[in-house]
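Visitor: I am new to this structure and would like a close look at a single part of it. Please take one helix and its surroundings.

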Amino acid sequence: MSLVAMVPEVFAPDGVLARADGHFQPRDGQTQMAVAVAHTIAEGGALVVEAGTGVGKTYAYLVPALLSGERVLLSTATKALQDQLFARDLPRLAQILGLPVRMALLKGRASYLCLHRMEQARLDVQAQDRGVVRVLAKVEGWSRHTVSGDLAELTGLDERSPVIPLVTSTRENCLGSPCPRFRECHVHRARREALAADIVVINHHLFFADVAVRESGMAELLPTVRVVVFDEAHQINETGVQFLGAQISTGQWADFARDLLMAGLQHARGLADWAGLAQRVELSARDLRLAVGVAAVNGGGSVSGASRLRWTDEIPEGVSGSAWQAALRAVASACAQALEALDTVSEMAPDLERLYERGNALLARMARFSGPCQADGVRWLDVGSQLRLIESPLDIADAMRTRILASPAEASQGDAWPEDTSAGVGRAWIFTSATLGDDEALTWFTERSGLQDVRILRVTSPFDYARQAALYVPRELPSPADPSHSRSVADWVASAAEPLAGRTLVLTTTLKALRTIGDALKARWQGSGALEVLVQGDWPKRRLMERFREGASHGRPGCVLVASASFWEGFDVPGDALQLVVIDKLPFPPPGDPLVEARTQRIEKAGGKAFKSYALPEAAVALKQGAGRLIRHETDRGILVVGDTRLVTMGYGKRLLAALPPMRRLESPEAFEAALLALTRPSTMDPTCP
């Protein structure tokens, strides 16, 4: 029986999934997507699927992938989704289907413990504070019994911990086969397992990092496969541009200085002034950051806390040219002095040899930023706790066409993804997400991803949005351009969240709004114990999500979570723990962002209209993603509030409204109050299974 014929039987009312799981419910959309994936695997080519929330897209691509018998690469947006696929979805489905499948999980280096660097960290431990010493001891204890070395196993480890860079490696500082702990290396073991597996689960960052590594002439990281699936594919463009350009940071120089000092004192003590050399590198990197000065101040800023400065000529905007050039020369000089010392001792130890190579690579990258930006690229400074110099393409379209999707005959040697045509069929590419655009052709995704002549499938959500959810735009709120807007949104949220005992997620578009709304809500309930206000950045993301999902339980108050950036997507709170989602304003791309400006200018130079073809689709997709946090299950109920009257007063609001799920509209404060009151009562909806 062919793959296309087998797949519908699995999803049938009396199929293997229904027999194995009493909660399984056949969905026409899920079956439709699974059959389309099966066709693509069987015939080759590319398929783009927008599958609404609740369709069950994970099983829709996993079932045909597993039944095909092909080697499959699954790429996800986050490490958390990787873990879910590898630890839950894949094993469960393979067992149901009765398939002996060998699976492997592969993450980037920063996810794995480096035994050699952990030993190096011990030598430097006296210079660390007590908190670092305590966490390092915990890591060492865990290292004795872990098999995978995946830091995700280590519960309670803050992803922002300063210990993580001390006990993990990067491509720059990894010693490779000369490492004394190479035979025990967790990264090397994970790669070996991936090369031998039938199904390999990676993430988008790793995929594009490997593309960049292969282009530099290094060995391939990922195995050759015929079927590639990108889940949460809407993120691949922004992820890809990070790796298909070039960047260097003052943090990399600081790490180089720290490793220079440790390795020099350990392997070549007395043969050079390692402390002085390391200090010069570290201070010159600090001075480079200081050379940016007040130009880095940005009233809005990004939620990461960083500001982006334009870099259209040789000097970044607002930065003193003489100070900038002097700071660049100082960094290069400090590095050259360190390399001169390393050159005389590099053969004494692998650490010193790798440091010499690493310093040369950093110096070469710095030289690139001393010249003009490459054509069809954009360059900027990312200014936060460290300074990052970044140059990237405007999108991944060209790279996808010529280096990844192209067959060997269409691309130059070494550029194309290695093609496996052992079965006489070309590679199959599946791209899927709940949000890929706001038009039938999904041009928001396909154009910037270089996907021409691909099959497009849109599968709508099975949820009854008109019954489960409502949309409200408070007309009394001031314009988003009004300085009082964020404070007014905070006051409005406070009055709405109290009757619900929390259960409220506030999504903001800027760091400034995040702080203003978060601070105002904290002040509102400070000391009363009525509600707990959680603000992104106060705690690690995982802890924030866990606390919010708990809600009013175990004697603790309900929660209001104020967040942005990554919380607009991938934050799943099914049930009554979340019933009110408030978006502070329409999420148009920030006009002062250098990447946004460069994309806008390219469209206008070509005779297009940037607002209509770029800004509006960006806002529609982001709004759709934010709204998607509200209803995650057939029995969920809730209200989406957009605190921006432009949604209902401007002509373009119709396009944005059309991008949202078909919720019922609340046209007055009285209608909103009635809907809010209904949420405080027990649901009368018939319970259904996922």
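Which backbone nitrogen does a side-chain oxygen of aspartate 593 reach at the start of H22?

Guide: The model is a predicted one. At the start of H22, the backbone nitrogen in question belongs to leucine 595, and a side-chain oxygen of aspartate 593 comes to within 2.8 Å of this atom. The helix itself covers residues 594–605. H22 is twelve residues in length, and from its first C-alpha to its last it reaches 16 Å, close to the 16 Å expected at 1.5 Å a residue. Just after H22, glycine 607 has a positive phi of about 90°.

Next, the neighbours of the helix. Leu595 is one of the buried residues of H22, and the others are Pro594, Val596, Ala598, Arg599 and Ile603. The buried residues of H22 pack against two helices, H11 (236–243) and H23 (610–627), and against strands E7 (307–310), E8 and E9.

H22 also takes part in a pocket. The second largest pocket has a volume of about 760 Å³. Its lining consists of 30 residues, and Ala375, Asp376, Gly377, Val378 and Leu394 are the closest to its centre. H22 supplies six residues, the largest share of the lining of this pocket. Strand E8 (377–383), strand E9 (387–393) and helix H16 (397–404) each supply at least two residues of this lining. E8 and E9 are thus named twice here: they help to line the pocket, and the buried residues of H22 pack against them. By class, the lining of the second largest pocket holds twelve charged, twelve nonpolar and six polar residues.

Key:
Residues are numbered from 1 along each chain as its sequence is written. This is a predicted model: local features need pLDDT of at least 70, side-chain atom pairs count only at pLDDT 80 or more; totals for chains, interfaces and linings use all residues. Side-chain values use heavy atoms; hydrogens and water are left out. On a 1 Å grid over the protein atoms alone, a cavity is a set of points where a 1.4 Å probe fits but cannot get out, and a pocket is an open set with protein on both sides within 12 Å along at least five of seven lines; lining residues have an atom within 4 Å of a point. Grid points are joined across faces, edges and corners, and a volume is the space filled by probe spheres set on the points. Helices (H or I, at least four residues) and strands (E, at least two) are DSSP runs, numbered from the N terminus. Ala, Val, Leu, Ile, Met, Phe, Trp, Tyr, Cys and Pro count as nonpolar, Asp, Glu, Lys and Arg as charged, and the others, Gly among them, as polar. The expected span of a helix is 1.5 Å times one less than its number of residues. Buried means under 20% relative accessible area, exposed over 50%, partly exposed in between (1.4 Å probe, protein chains only). Contact means heavy atoms within 4.5 Å. A polar contact is a pair of N or O atoms within 3.5 Å; within protein, one must be able to donate a hydrogen and the other to accept it, and residues adjacent in sequence count only if both atoms are side-chain atoms.
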